[in-house]
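Colleague: Could we go through this model together, taking the packing of the core before the sheet and the helices?

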Amino acid sequence: MFLSGKRALVTGSTSGIGLAMARAFAAEGAQIVLNGFGDEQEIAKIREELGGADYVNEDLTTAEGVEALMKGAGEVDILVNNAGMQHVAPVEEFPPAMWDKIIALNLTAHFHTTRLAVPAMKKKGWGRIIATASAHSLVASPFKTAYVSAKHGVAGFTKTIALELATHGITANCISPGYVWTPLVENQIPDTMKSRGMTRDQVINEVLLEQQPTKKFVTPEQVAAIALFLCRDEAENINGANYSIDGGWTAE
Ligand code: NAD
């Protein structure tokens with residue numbers, strides 16, 4: 001159990017990719033701090049399943065929310081900035097409030113968690129900062145202006161902190177999945193049907209899987225396996241990288 005004694009905060013870990021990461025870290029002995037929204041009883045069950053995980057329920061779209069999260073989480077050795085949201089609409093119809101919210105959660109929250117987590121990591125001389133970015137940190141798709149802008153920002157932010165923290169035993173890396181079958185993807189299907197005038201099956205096969213040469217959705221567990229590897233001592237020289245796990249999408 002190579003993560004025994006380590007404390008891992010995974011934002012947005014009540015569902016999807018974040019939950020799979022929390023499970024993977026807990027299986028290696030880490031003490032988990034969960035964050036995210038969801039049904040209280042479901043979350044209580046997850047906490048128990050993860051060997052008594054802590055849970056800090058804060059909305060990360062404001063600096064105050066992130067500050068409260070970091071206060072509740074305490075000193076963490078592993079920080080995974082994973083919470084994210086999506087909205088699909090043509091640029092001229094994109095609601096400005098939704099733009100602000102997506103940039104706040106998908107990009108600015110990474111800055112706030114990181115600035116608050118780094119002092120303890122520096123003190124210990126060890127840390128792992130991992131961002132769940134996206135294939136959309138490398139390439140764009142239409143109708144996703146806020147998401148693509150935020151994810152490209154995360155890629156740049158991660159490279160910058162990787163350089164700043166390199167001599168402190170702290171690494172910072174992005175993982176960039178293609179389409180993973182989670183509520184985030186399922187929930188964007190109706191708006192994509194509207195924006196593109198397509199049926200549900202057409203969106204799945206002609207938009208989502210069309211992008212992935214393997215024609216398979218990535219699984220949350222596959223993404224979690226990369227996050228776990230990045231926490232190993234063998235990964236101490238992987239720093240400032242952006243790991244694609246997208247079936248070959250961004251190779252085109
Ligand atoms: P999901 O919807 O299953 O999970 C999102 C999590 O974020 C949930 O725990 C939710 O409660 C939490 N969350 C949402 N808004 C929040 C807020 N304001 N404050 C705190 N927590 C909040 O989605 P997912 O697919 O597992 O997405 C996780 C990350 O992976 C996101 O950053 C997403 O952009 C990224 N990603 C997903 C895919 C995909 O295809 N699913 C692909 C590439 C990248």
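**Contacts, sheet and helices**

Modeller: This is a predicted model, and a convenient place to begin is Val223, which touches Ile17, Met21, Ile175, Pro177, Val180, Val218 and Ile245, leaving aside residues up to four places away in sequence.

Colleague: Is Val223 buried or exposed, and what is its relative accessible area?

Modeller: Val223 has its place in helix H9, which spans residues 220–230. Residues count as buried under 20% relative accessible area, and Val223 is therefore buried, its value being 0%.

Colleague: What distance separates the C-alpha atoms of Val223 and Thr132?

Modeller: Along the chain, Val223 and Thr132 are 91 residues apart. In space, the separation of their C-alpha atoms comes to 8.8 Å.

Colleague: Which strands are the edge strands of the sheet?

Modeller: The sheet is open and has 7 strands with parallel pairing, in the order S3-S2-S1-S4-S5-S6-S7. An edge strand pairs on one side only, and this holds for strand S3 (54–55) and strand S7 (242–245).

Colleague: Which residue is the bridge partner of Leu9 in S4?

Modeller: Strand S1 is joined to S2 by 4 bridges, the two running parallel, and on that side Leu9 stands opposite Val33. S1 also pairs with S4 in the parallel sense, over 3 bridges. In S4, the bridge partner of Leu9 is Leu79.

Colleague: And in S5, which residue is the bridge partner of Val80?

Modeller: Strand S4 (residues 78–81) pairs in the parallel sense with strand S5 (residues 127–132), over 4 bridges. Within S5, the partner of Val80 is Ile130.

Colleague: What angle does the direction of helix H3 make with that of S1?

Modeller: Helix H3 (residues 63–73) packs on the sheet, where it touches strand S1 (7–10) and strand S2 (31–34). The direction of H3 makes an angle with that of S1 of about 155 degrees.

Colleague: Why do the buried residues of H3 line one face of the helix?

Modeller: The buried residues in H3 are Gly65, Val66, Leu69, Met70 and Ala73. Viewed down the axis of H3, they line one face because they fall within an arc of 130 degrees. On the other side of H3, Glu64 and Lys71 are exposed, whereas the buried residues pack against S1, S2 and helix H4 (96–124).

Colleague: Which residue follows H3, and what is its phi?

Modeller: The residue that follows H3 is Gly74. Its phi is positive, near 75 degrees.

Colleague: Which helices do the buried residues of H8 pack against?

Modeller: In helix H8 (residues 200–208), the residues Val203, Ile204, Val207 and Leu208 are buried. Around the axis they cover an arc of only 115 degrees, and so they are on the same side of H8. Their packing is against helix H6 (183–186) and helix H7 (189–196).

Colleague: How many disulfides does the count come to?

Modeller: A disulfide would need two cysteine sulfur atoms within 2.5 Å. The sulfur of Cys231 is 14 Å from the closest cysteine sulfur, that of Cys174, and this is too far for a bond. Both residues count as buried, Cys174 with a relative accessible area of 1% and Cys231 at 2%. The count of disulfides comes to 0.

Terms used: Residues are numbered from 1 along each chain as its sequence is written. This is a predicted model: local features need pLDDT of at least 70, side-chain atom pairs count only at pLDDT 80 or more; totals for chains, interfaces and linings use all residues. Side-chain values use heavy atoms; hydrogens and water are left out. Two strands pair if DSSP finds at least two bridges between them. Contact means heavy atoms within 4.5 Å. Axes are lines fitted to C-alpha atoms, for helices over the stretch in contact, and angles run from 0 to 180 degrees between N-to-C directions. Buried means under 20% relative accessible area, exposed over 50%, partly exposed in between (1.4 Å probe, protein chains only). The arc is that of the directions from the helix axis to the C-beta atoms.
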